[in-house]
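Visitor: I would like to learn how to read this structure. Where do we begin?

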Amino acid sequence: MKFSQLIQSLSSDQAELVQTSSLIEHPACDPDLTSLAAIEEAQAGSLSYIEGSKFARAVQITQASAVILPMQASLQQMATDRHIAWIASSEPKLLFAYAVRLFYQPLPLEPGIHPTAVIDPTVELAEDVAIGAYAVIRAGVKLGRGVTIHPQVVIYPEVNIGDRTTLHAGCIIHERTQIGRDCVIHSGAVIGAEGFGFVPSAKGWVKLEQSGVTVLEDQVEVGCNATIDRPAVGETRIGYNSKLDNLVHVGHNCQISPNCILAAQVGMAGGSKTGQWVILGGQVGVANQTDIGDKVQAGAKAGLHGTIAPGSIMMGNPASPYKTFLKASAIYNRLPAMHQTLRQLQQQVEFLQQQIQELQDQANSHESRSD
Amino acid sequence: MKFSQLIQSLSSDQAELVQTSSLIEHPACDPDLTSLAAIEEAQAGSLSYIEGSKFARAVQITQASAVILPMQASLQQMATDRHIAWIASSEPKLLFAYAVRLFYQPLPLEPGIHPTAVIDPTVELAEDVAIGAYAVIRAGVKLGRGVTIHPQVVIYPEVNIGDRTTLHAGCIIHERTQIGRDCVIHSGAVIGAEGFGFVPSAKGWVKLEQSGVTVLEDQVEVGCNATIDRPAVGETRIGYNSKLDNLVHVGHNCQISPNCILAAQVGMAGGSKTGQWVILGGQVGVANQTDIGDKVQAGAKAGLHGTIAPGSIMMGNPASPYKTFLKASAIYNRLPAMHQTLRQLQQQVEFLQQQIQELQDQANSHESRSD
Amino acid sequence: MKFSQLIQSLSSDQAELVQTSSLIEHPACDPDLTSLAAIEEAQAGSLSYIEGSKFARAVQITQASAVILPMQASLQQMATDRHIAWIASSEPKLLFAYAVRLFYQPLPLEPGIHPTAVIDPTVELAEDVAIGAYAVIRAGVKLGRGVTIHPQVVIYPEVNIGDRTTLHAGCIIHERTQIGRDCVIHSGAVIGAEGFGFVPSAKGWVKLEQSGVTVLEDQVEVGCNATIDRPAVGETRIGYNSKLDNLVHVGHNCQISPNCILAAQVGMAGGSKTGQWVILGGQVGVANQTDIGDKVQAGAKAGLHGTIAPGSIMMGNPASPYKTFLKASAIYNRLPAMHQTLRQLQQQVEFLQQQIQELQDQANSHESRSD
């Protein structure tokens, strides 16, 4: 693709993100773009991007033929001087995300229904559904328009799947799960299986059957081998446009609001809930019944419990506000030194007490002598 | 189901759990029960439950038609006053678990063997086995009576599976694994695969072949995408009625005793073992060769190693008894303040030392003058 | 197998590891070996091993018929005295690993291509490929000589798999992934799926398509249900002979060098990289862009970020050098006591200050009286 074509495509689809470009200034500079690359790995023909002026050095040495730059004239001048074609945007990474789509789309599944797919006669299929080899779709399932079911997906009875949703190979959707439109379920994810409910009794653990349902709203993504359980009663719900990374666990009755990000290996115990725009770092653990406010962020490995106020940035286990945590953890390694200092101080104070006792005794005896 | 029918069923099957009910007092109050719900989400027609008097407020506002209550007359009166039918039990949640089964059972697999299942001629099948589409069962496998194999399960050679055990879609059972009766293996779980055994050598890591076996005793449950490895020699064993949640990892040679609970994302390294009735919270890690006593409980994210005395309640990493941990973690955030206080004290003590030195010098010079 | 045959096999294949044996001294002692066992579980007929003299007691009571011993004459004498056949080696566990292979090999898949495998006509198959039931291999895939594909593996388009690599049942290889020779991918692992890339925008999270590739070099092993993502641009790469345990997550663009060990449930966030011979304990988390030097070791549950110097042994979160961490964590539980001591010291110092003030006042008044 010519750089000029790229400009044209992006300007028509993402006009508000394309502020200016080198093409205007140097119409002769219109490289052929054949690949996408990180700025430091770019080659001739690569399109790349940087997010801010701290990457200025990369612009000075990159082999990229074109870059998406932030709105800084100095960076633009630098690129121009090196004959690198550029586009300037207020959001370079976002514009790069749109640019990638002009170069690459995930390889599609063949259209139509593979003859080996086992589909119950009661299944309702809308138009343009693609179903891969050895998929198994049980009774009462409904698939919306343009749904893609990759090979070896299993869908238990009475599941609904919304328009244009993609289920990658090997994911398993359990009974009565509701999946919205434009969702992506990655390979090996298991949605709507039985929550972990056992009640202690004299005879051992008694199973609490999980009669509830799991609901994924529109545009949810669920990572590879992630698990989202259904509850004993009520719903487990993942809100609109929330994105869950690989190996995330969401327990029964959790409520995740729209636009949340759960990084890999996060675990949310039963009944916990998040507000909107929450971001949980990798391996974060959320105790059951935790109530996480809007826009909370939790650093990797944080352990959350109780009620977390909106907008908090939390770290550590049990989690604290990040400033508190960073200050405390900066001192942590000095604990042995502090412990020693404390013992020294104790000895010094004890010695001071003795000395003062002596001075007092002296003073008293002196007083009595002076009397 | 009528409330009176519910009473009748529960009283016949779980007589010891049904102490009394409103039906005796108000035979006219016999609502139709059509759903199960948490107390705060209940609607007309819902059966719900509460576990103790701290939920009294919920009884005052719930829309439920019937509730299972603990043995407290005041709560019973409250329900009666609101025309809510009730059952009183010494174990309300346990009774609710039995009540759920009268309303809901997991949707069964169609009976019989799906024609697409690939079953080696040497496989021994007992009566009433159900096998789903595209299941693959290799040589020498034995399936007990009433076993359910959901679609796309793979069973490697020489596996034994006990009566009435259920294998959900997409789980994989590796060679020579022994699974007991009444077990449930959830989707995507992998049982009996090779343990992680590599020996360092000058040429790199050399694989230690894993010739041992994995054994699950009766009534074990294994969560979605959990993994239980087989060892190089000997056994990995999960005891009777132990329950493992999603994404749990159990390494080679681990020995889990009966009636343990491992919450989601727990990891047990090779050769670790637990006593009976152990409860490990989410994301707990157990170091290799750890020896966990009976009835130990570990809080979420705890890191266990060494020998843990029976009955201990452990938290933190490395784990401590929970009282110790809670006290220490309550102080943790004051570390920066403590550090500062310590420095102030050092300065104050130094200044005191100087002052005392001066006083001593004064006293000495005074003494000498007095002489 | 006779002990003498074992000696003969090991001496011919692993000559440098077999230093001496009891057969030389006692040619009459040549037991039949029928099983492999840990030293404390060994029975008559078992071959076992110990790694050092701290297991001397086990040699005195084991029922094993033969043991592999370290190079210590006293242990050898002990075994001889008990009529246990022995082999002495500078690396007993390594020699045991080779011995195991003479007793046990994983049960092979039937040779040839199962008639139910769905293989795109464009797939290139080398000689001696074994493909199990219901495997799905899509367009443009190339399989090397002696590759084994177990049942229900799905391979997306344009994947290359090197000679003698084994893919266990239920693993899923995504588009354009490159897998080297002699690799083992365990059940449920997902390789080369889309990295977790979303860019914030006013409208919500916008997907950054993942156009890069995942590369596994030769002799890599990937554990059950582990996930290794492909990046937006460039490569995710796992180096030669590196071994990843179950449920490990490797994010987009990670670079793992040769001969690394990642224990179960490790998570590496996007763009992190390791040097060679790195060992990460269970549940370790690696923040994005972390740069881990050669031969770094991290204890279970450590949280790594930033740059980790080669050879460091790290523990804790955020991770510290292990000596620092162990000293600090040893003090951690004394925090409440330290806090109390600190308060006492503050009071004591305050009281000392008062006393000194009084002494000074006395001295001054005395001075003035003396004047």
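**Strands, axis and rings**

Guide: This is a predicted model. Begin with one residue pair: C:Ile119 stands opposite C:Ile137 in S9(C). S6(C) pairs with strand S9 (residues 136-137) of chain C in the parallel sense, over 2 bridges.

Visitor: In what order do the strands of the open sheet in chain C run?

Guide: The order is S6-S9-S12-S15-S18-S23-S26-S29-S32-S35, 10 strands with parallel pairing. Strand S6 (118-119) and strand S35 (303-304) of chain C each have a single partner strand, so they stand at the edges, with one side of each left without a neighbour in the sheet.

Visitor: What turn lays chain B on chain A?

Guide: A turn of 120 degrees, with a shift of 0.1 Å along the axis, gives an RMSD of 0.1 Å. That is the relation of a three-fold axis.

Visitor: How many aromatic pairs are there over all chains?

Guide: The whole structure holds 15. Take A:Tyr134 and B:Tyr134: ring centres lie 4.6 Å apart and the planes meet at 70 degrees, so the pair is edge-to-face. The pair crosses between chains, and each residue sits in the loop between strand S8 (130-131) and strand S9 (136-137) of its chain.

Visitor: Is A:Tyr134 buried or exposed?

Guide: Buried, at 4% relative accessibility. B:Tyr134 is buried too, at 5%. A:Tyr134 also forms an edge-to-face pair with C:Tyr134, again 4.6 Å centre to centre and 70 degrees between the planes. A:Tyr134, B:Tyr134 and C:Tyr134 form one aromatic cluster.

Visitor: Which residues form a nonpolar patch on the surface?

Guide: A:Ile313, A:Tyr322 and A:Leu326 do, with about 240 Å² of accessible area together. A:Ile313 is in strand S37 (residues 313-315) of chain A. At 36% relative accessibility, A:Ile313 counts as partly exposed.

Notes. Residues are numbered from 1 along each chain as its sequence is written. Chains are lettered from A and ligands numbered from 1 in the order in which they are written. This is a predicted model: local features need pLDDT of at least 70, side-chain atom pairs count only at pLDDT 80 or more; totals for chains, interfaces and linings use all residues. Side-chain values use heavy atoms; hydrogens and water are left out. Patches are made of residues with over 30% relative accessible area and no salt bridge: like charges are joined within 9 Å, nonpolar side chains (Val, Leu, Ile, Met, Phe, Trp, Tyr) within 5 Å. Accessible areas come from the Shrake-Rupley method with a 1.4 Å probe; for residues, only the protein chains shown count as cover. A salt bridge is a side-chain nitrogen of Lys or Arg within 4 Å of a carboxyl oxygen of Asp or Glu. Helices (H or I, at least four residues) and strands (E, at least two) are DSSP runs, numbered from the N terminus. Buried means under 20% relative accessible area, exposed over 50%, partly exposed in between (1.4 Å probe, protein chains only). Two strands pair if DSSP finds at least two bridges between them. Copies are superposed by least squares on the C-alpha atoms of residues with pLDDT of at least 70 in both. Rings of Phe, Tyr and Trp (its six-membered ring) pair if their centres lie within 6.5 Å; planes under 30 degrees apart count as stacked, over 60 as edge-to-face and the rest as tilted.
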